[in-house]
Structures are given as C-alpha cells and as structure tokens.
Amino acid sequence: MSYLIFILLGFCSGSIMYSEIFPYILAGKDISLLSDDENPGCSNAFRHAGIPMGILCLVFDIFKGTLPILWSLSFCDMEHPLFALVLAAPVLGHAAPFCLPKAIAPRRFQWMKHTSGKAIAVSFGCLIGLMPKSFLVFALVLPFLFFSVVLCINPHSSRVIVSFGCFLLLAAMHHAPRTLLLGGFLISATVIAKHLLFSKDSRATFQISLGLHRKQKKR
C-alpha cells in the first residue's frame with residue numbers, strides 16, 4: 001500500500017506546474033502564452049520572466065521530484081519492483097499533469113493552460129532524491145555536461161534525447177539495481193518522447209560542434 005501512496009503522491013507533486021504558476025502570480029506573465037513551444041518550464045521562465053524567477057521555478061521543479069523520492073525511501077524498499085513507478089511518478093506527473101478541466105476549475109485559475117512540461121528538471125530531482133543510497137544522478141549529469149560543454153549538440157531537444165539515452169547506458173554499466181534501471185527507463189522514455197514530439201515541430205537542424213570552437217566563433 002505504501003508504494004501506491006507514494007506513486008500517487010509523486011504523480012500529484014509532478015503535476016504542479018510551478019513554472020506556470022509563479023510567473024503568473026508574481027509577475028503577471030503567462031509563460032505558456034509567451035513562449036513559442038507553449039512549454040510551462042523553467043527555461044521559459046528564465047527567458048520571459050527573468051533570472052530570479054527562473055531560479056525560483058527551477059528550484060521548485062527540482063524539489064517536486066526530490067522530496068517525494070526522499071520521503072519514500074523511509075517507507076519503501078528501493079529494490080521492490082513497484083519502486084520503479086515510485087521513482088518515475090513525478091516525471092510522469094509533469095509530462096501528463098493531473099488537473100481540473102477548465103469548465104469546473106475555480107475562476108481564479110482559468111488562466112492556466114494545463115499544458116504538460118518536458119520534465120528535465122524534475123528528472124534530475126527524482127534522481128537526486130535517491131542520494132546517498134544511490135548516486136545514479138551523476139549518470140545523467142555527466143552526459144548533459146559533456147554534450148553541452150565539450151561536444152555540443154544542438155538543437156536543445158536533440159541534446160536532451162542523446163543525453164538521456166547515454167544515461168541509460170551509464171546506469172546499466174554502473175550495475176544499478178533492476179528497479180532503478182526500470183525507473184530510469186520510464187523517466188528517459190517519457191522525456192525522450194516529449195522531446196521527439198517537440199522536435200517534429202522544430203525547423204532547427206541537427207548540429208555537433210566542439211565547445212571550444214563554438215566559443216571562438218562567438219568572438
């Protein structure tokens with residue numbers, strides 16, 4: 001029963017779109033309306049509402065994944081088969097949020113678009129929540145850093161897809177428990193699917209460049 005409770009708790013936590021709520025309440029800006037991709041994510045909060053707002057949204061998007069996982073470890077066995085769903089629940093909630101239909105939502109929340117996010121920050125948050133029992137988060141941090149700084153992949157959606165694919169390979173090489181591998185697969189499949197859908201609507205071409213070369217070109 002505890003696993004089902006934390007699956008539901010994680011999903012509901014992931015469904016809270018802080019990057020949509022905070023900019024509207026604190027700055028009067030509808031991030032989904034202002035952004036080209038209509039994504040209520042922290043990157044658009046940075047872009048359209050400023051750095052302080054972006055940092056606030058990023059912290060909450062990370063912690064909405066970290067806190068449910070961190071709490072679940074006090075009641076759940078990390079190697080139990082259902083823990084894979086516990087681990088992935090906040091990401092699934094962010095990608096397919098539970099929300100009231102606009103027809104019955106309170107009037108003061110009618111502005112909300114109830115759109116789903118791309119689930120990058122919350123994915124990091126879920127893996128951070130495993131620490132110190134597991135340091136699987138570094139299997140995701142390293143590819144992101146490598147493909148952002150050293151061998152730069154653009155557009156961003158392609159970088160995310162490659163990074164999450166490498167995350168699964170590194171997790172398998174790390175000999176992580178099967179439940180964490182399954183949870184990691186669910187997280188990666190969700191994020192990759194979201195970015196594949198986005199890349200279909202994007203006209204940006206796939207590019208790879210060395211980080212040093214990219215910096216020199218900007219000068």
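**Helix α1 and two buried residues**

Q: In this predicted model, how far does helix α1 (residues 2–14) reach from its first C-alpha to its last?
A: Helix α1 has 13 residues. At 1.5 Å a residue, 18 Å is expected. The span in the model is close to that, at 18 Å.

Q: Within what arc do the buried residues of α1 fall, seen down its axis?
A: The buried residues of α1 are Y3, F6, I7, G10, S13 and G14. They line one face of the helix, because their directions from the axis fall within an arc of 135°.

Q: Which residues are exposed on the other side of α1?
A: One side of α1 holds buried residues, among them F6 and I7. Exposed means over 50% relative accessible area. On the other side, the exposed residues are L4 and L8.

Q: Which helices are included in what covers the buried residues of α1?
A: The residues to be covered include Y3 and G10. Their cover includes α5 (51–72) and α6 (83–95).

Q: Is D61 buried or exposed?
A: D61 sits in helix α5. Its contacts beyond four places in sequence are Y18, S19, C42, A121 and V122. The cut-off for burial is under 20% relative accessible area. D61 has 3%, so it is buried.

Q: Which residue's backbone oxygen does the side chain of T190 reach?
A: T190 lies in helix α10 (residues 178–200) and is buried, with a relative accessible area of 14%. Beyond four places in sequence, T190 touches V91, L92 and A95. At 2.7 Å, its side chain reaches the backbone oxygen of L186.

Note on methods:
Residues numbered from 1 in each chain as written. Predicted model: local features only at pLDDT ≥ 70, side-chain atom pairs only at ≥ 80, totals over all residues. Heavy atoms only, no water. Helix = DSSP H or I, 4+ residues; strand = E, 2+ residues; numbered from the N terminus. Expected span 1.5 Å × (residues − 1). Buried < 20%, exposed > 50% of the residue type's maximum accessible area, 1.4 Å probe, protein only. Arc of directions from axis to C-beta. Contact = heavy atoms within 4.5 Å. Polar contact = N/O pair within 3.5 Å; in protein donor to acceptor, adjacent residues only side chain to side chain.
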